[in-house]
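Reader: Could you walk me through the charged pairs and the packing of this one? I'd like to start with the pairs.

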Amino acid sequence: MEKVILSLGSNKGDRLKYLRSAIDRIGDCIYKTPKISQIYESEPWGFNSTVWFLNIAMLLETDLSPIELLDELNIIEKELGRVRKSNASDYESRVIDIDIIFFGDRVLDQARLIIPHPFAHLRRFVLLPVLDISPHYIHPVLNKTIRELFESCPDKSELRLFCHEI
């Protein structure tokens, strides 16, 4: 079993419902009860929208490979109504977004998946929820704890506690 950290976000429709549904479905394919952060609300990153995101992080264990997990997460996103544009670099509002941030201490650089997530250390909306569930985790490339990454993060976007548990 490998420890995995996921980041989930939603800013379209019933945001809390989409997060809860994603958590339930992830739990169905992971086999180990996840640890879940508090819920944070963050301003959209990389595009303009009047609706802020709800963000959480999940720490879980799985015996799936990174690509198998990615495939499962993509199915969950699609079942919940996520439609991906062909140009993946365009940011937009979405009902659900699930990213693999860390997969144990693995470093992976493939066409479909890069682990650790290449931008996680630059985004407060990823780091703060991860800080809740795993503050001492050491980034396998940068050799810094999540706490150190959060404290030195150049992102100054607004982030606020939405609620303590989902």
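**Charged pairs and core**

Author: Asp71 counts as partly exposed, at 30% relative accessibility; please keep in mind that this is a predicted model.

Reader: Which side chain does Asp71 meet in a salt bridge?

Author: Asp71 meets the side chain of Arg112, with 2.4 Å from N to O, and Arg112 is itself partly exposed at 48% relative accessibility. Asp71 lies in helix H2 while Arg112 lies in the loop between strand S6 (108-109) and strand S7 (114-115), so this salt bridge ties together parts that are 41 residues apart in sequence.

Reader: And Glu41, is that buried or exposed?

Author: Glu41 is buried, with a relative accessible area of 11%, and Glu41 forms a salt bridge with Arg160, where the closest N and O atoms are 3.2 Å apart. Because Glu41 sits in strand S3 (residues 39-42) and Arg160 in strand S8 (residues 159-163), the pair links parts that are 119 residues apart in sequence. Salt bridges with shared partners also join Arg15, Glu41, Glu158 and Arg160 into one network.

Reader: How many salt bridges does the structure hold?

Author: The structure holds seven, one of them between the side chains of Arg25 and Glu79, at 3.5 Å from N to O.

Reader: Switching to packing, which residues touch the most other members of the largest nonpolar core?

Author: They are Leu6, Leu8, Ile26, Leu69, Ile98 and Ile100, in a core of 30 residues. The largest share, eight residues, comes from H1.

Reader: What does Leu6 touch?

Author: Leaving out residues up to four places away in sequence, the contacts of Leu6 include Ile26, Leu69, Ile98 and Ile100.

Note on methods:
Residues are numbered from 1 along each chain as its sequence is written. This is a predicted model: local features need pLDDT of at least 70, side-chain atom pairs count only at pLDDT 80 or more; totals for chains, interfaces and linings use all residues. Side-chain values use heavy atoms; hydrogens and water are left out. A nonpolar core is a set of buried Ala, Val, Leu, Ile, Met, Phe, Trp, Tyr and Cys residues joined through side-chain atoms within 4.5 Å. Buried means under 20% relative accessible area, exposed over 50%, partly exposed in between (1.4 Å probe, protein chains only). Helices (H or I, at least four residues) and strands (E, at least two) are DSSP runs, numbered from the N terminus. Contact means heavy atoms within 4.5 Å. A salt bridge is a side-chain nitrogen of Lys or Arg within 4 Å of a carboxyl oxygen of Asp or Glu.
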